[in-house]
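Student: I should like to go through the structure below and ask, for each term, how it is justified.
Tutor: Please put your questions in turn.
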Amino acid sequence: MAERIVTGLKQPLEFAGTSLKPSASAGIALYHGGNGTVGDLIVNADLALYLAKAEGRGSYQLFATTLRDKFEEKANLERELREAITSQAFAVHYQPQVSLQGGKVIGVEALVRWEMAGRNVSPGEFLPVAEKAGLMPALGRIVFAKAIRTAAEWHRAGIDFGRLSLNVSAQELREADFACHLLDLLKQEGLPTRLVALEIVETVMLDDENTGIGLTLKRLRKAGIRLELDDFGTGYASLAHISANEVDRLKIDRRFVRDIDKNPANTKIVKAIIELARGLGISIVAEGAETDVELFWLHDLGCPAVQGYGIAFPMPSSQAEAWLATHSLAPHRTEAIHVA
Ligand code: C2E
Ligand code: CA
Ligand code: CA
C-alpha cells in the first residue's frame, strides 16, 4: 500500500504552465497489541519516516525496534557528551610528525580522546554528534587548553616538539571570538604563535566568503600561526585557494598513502601533490604511513615529512614527552629506511 501511495503521489502536476514533480516518503509502524500508546505508534512511524528520507526520498521504511535503539543511543551519546564537556573529561593524545630527511621531529598533532563508561569512543563516532549538537566550540576549547598547556610546558623544559598542530572545525572558526580566545590562551600559557599550526579541511576554506572565517584565518596567520590543509585531496579544494599566501602546508590524506607501493594511481596522485606543493612553495606532510614500504616509497617520491603509525601512534602527553626526549637525541629510524 505504501508503495502504491508513494508512486501515486509521484505523478507530475501541471501548474501554471510548468510541470511539478512531487515526491513522498512513508514511515510505517505496526500495532501488535500490548501496552503501547497511540503516541508511541506515531513516534515509531516518524522514526521510520526519518530513515526513509535519509535513505533517499521517495521510498518507505518499516519501523524496527533496532531503529529506536539507534536513536536512543545517539541521544544518550549527546547527553554523555554534554556531561563530559562540563567535567572536561577529554584527554589529548599527541602524534609526532617527522622529517623524512634525517628523521627530525617537526611537529605533533593534538588528537582528542574520550573514554566513556570504560570504553574509548572514537572521534569519528562522537565528533559528528558534537557537531550536530553545536558542541564543537566548547569541546575544541577544552582540547586547546590542554594541548597548549602541555606544549608550553615542553617549550619551557626545552623539549623540541617542532610545532603543535591543532584540529579545528568550521563551527569553532565561526565563533566571533575564536582568534582572540586562541591568541589570549597562547599568551597566557607562554607558547609562541610560531610554534602553533591549525589544521582545517578544504571545505572550511571554501566556506569563508559567507562566514568571515577567511578573516579569522588571515588574522591568525598574521600573528604567526601556520595554516594547514588537512585530508588534502579528499574535499573540494579549489586550486584558487591553494597559494602560499593562504596556506603553509598540505597534509596528504591517508587514502592516497595506503598501498602506495601497490596502487599506481596513488603513486601518481602523491607525486603530483608533491610537485604542486613544491611549485607553489608550500610544505607538505603525508599522513597515515603505516608500513616501512609506505615510508620508503614516500621518501623515494621526495615527500619531505610523514606522520603515521609507522613512525608513532598518538600517545598521552607523558609518553609523547618520553618519545620526544629520545627522538630529539638520536636520528630516527626513517634514516635507516633511507639507507636501506
Ligand atoms: P585527522 O585530522 O585526519 O587525524 C588523523 C587521524 O588518523 C587520527 O584519528 C589518527 O589517530 C589517525 N592515524 C594517524 N596515523 C595513522 C595511520 O598510520 N593509520 C591509520 N589507519 N590511522 C592513522 P583520530 O584520532 O581517530 O581522529 C579522527 C579525526 O577526528 C581527525 O582526523 C580529525 O579530523 C578529528 N579530530 C581529532 N581530534 C580533534 C580535535 O581536537 N578537534 C577537532 N575539531 N577535530 C579533531
Ligand atoms: Ca588533522
Ligand atoms: Ca587528516
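Tutor: Let us begin with the term donor: donors are N, O and S atoms within 2.8 Å of the metal, or within 3.2 Å for Na, K and Ca, and sites may look incomplete because water is not among the atoms. This is a predicted model, in which local features need pLDDT of at least 70 and side-chain atom pairs count only at pLDDT 80 or more, while totals for chains, interfaces and linings use all residues. Residues are numbered from 1 along each chain as its sequence is written, chains are lettered from A and ligands numbered from 1 in the order in which they are written, and side-chain values use heavy atoms, with hydrogens and water left out.

Student: What makes certain residues the protein donors of the calcium ion (ligand 3)?
Tutor: The donor atoms come from Asp-230 (OD), Asp-231 (OD) and Glu-287 (OE), the last being listed twice, and they lie 2.1 to 2.6 Å from the ion. The limit for Ca is 3.2 Å, so these atoms count as donors. Along the chain, the spacing of these donors is D-D-x55-E.

Student: Which residues are the protein donors of the calcium ion (ligand 2)?
Tutor: They are Glu-109 (OE), Asn-167 (OD1), Glu-199 (OE) and Asp-230 (OD), at 2.1 to 2.3 Å from the ion. Their spacing reads E-x57-N-x31-E-x30-D. Distant parts of the chain are linked here, with Glu-109 in strand E6 and Glu-199 in strand E9, 90 residues apart.

Student: Which residue bridges the calcium ion (ligand 2) and the calcium ion (ligand 3)?
Tutor: Asp-230 does, since Asp-230 coordinates both ions, which are 4.0 Å apart.

Student: Why is Asp-230 called buried, and why is Asp-231 called partly exposed?
Tutor: Buried means under 20% relative accessible area, exposed means over 50%, and partly exposed lies in between, with a 1.4 Å probe and protein chains only. Asp-230 has a relative accessible area of 8%, and is therefore buried. Asp-231 has 25%, and is therefore partly exposed. Glu-109 and Glu-199 are both buried.

Student: How do you know which strands pair with E9?
Tutor: Strands (E) are DSSP runs of at least two residues and helices (H or I) are runs of at least four, numbered from the N terminus. Two strands pair if DSSP finds at least two bridges between them. Strand E8 (residues 164-167) is joined to E9 by 4 bridges, and E9 is joined to E10 by 5 bridges; both values satisfy the criterion, so these strands pair. E8 and E9 run parallel, as do E9 and E10.

Student: Which residues are partners across these strands?
Tutor: Asn-167 has Glu-199 as its bridge partner in E9. Glu-199 stands opposite Glu-228 in E10, and Leu-198 stands opposite Leu-227 in E10. E10 also pairs with strand E11 (residues 249-252) in the parallel sense, over 3 bridges, and there Phe-232 stands opposite Ile-252.

Student: What makes E9 and E10 mostly covered?
Tutor: In E9, 5 of its 6 residues are buried; in E10, 5 of its 7 residues are buried.

Student: Why is Arg-254 called partly exposed, and which residues does Arg-254 touch?
Tutor: Its relative accessibility is 24%, which falls in the range between the two cut-offs, so Arg-254 counts as partly exposed. Arg-254 belongs to helix H11 (residues 254-257). Contact means heavy atoms within 4.5 Å; leaving out residues up to four places away in sequence, Arg-254 touches Glu-287, Gly-288 and Glu-290.

Student: What makes a space a pocket, and what is the volume of the largest pocket?
Tutor: On a 1 Å grid over the protein atoms alone, a pocket is an open set of points with protein on both sides within 12 Å along at least five of seven lines, and lining residues have an atom within 4 Å of a point. Grid points are joined across faces, edges and corners, and a volume is the space filled by probe spheres set on the points. The largest pocket has a volume of about 900 Å³. Its lining has 35 residues, and those closest to its centre are Glu-109, Leu-111, Leu-127, Asn-167 and Asp-230.

Key
On a 1 Å grid over the protein atoms alone, a cavity is a set of points where a 1.4 Å probe fits but cannot get out, and a pocket is an open set with protein on both sides within 12 Å along at least five of seven lines; lining residues have an atom within 4 Å of a point.
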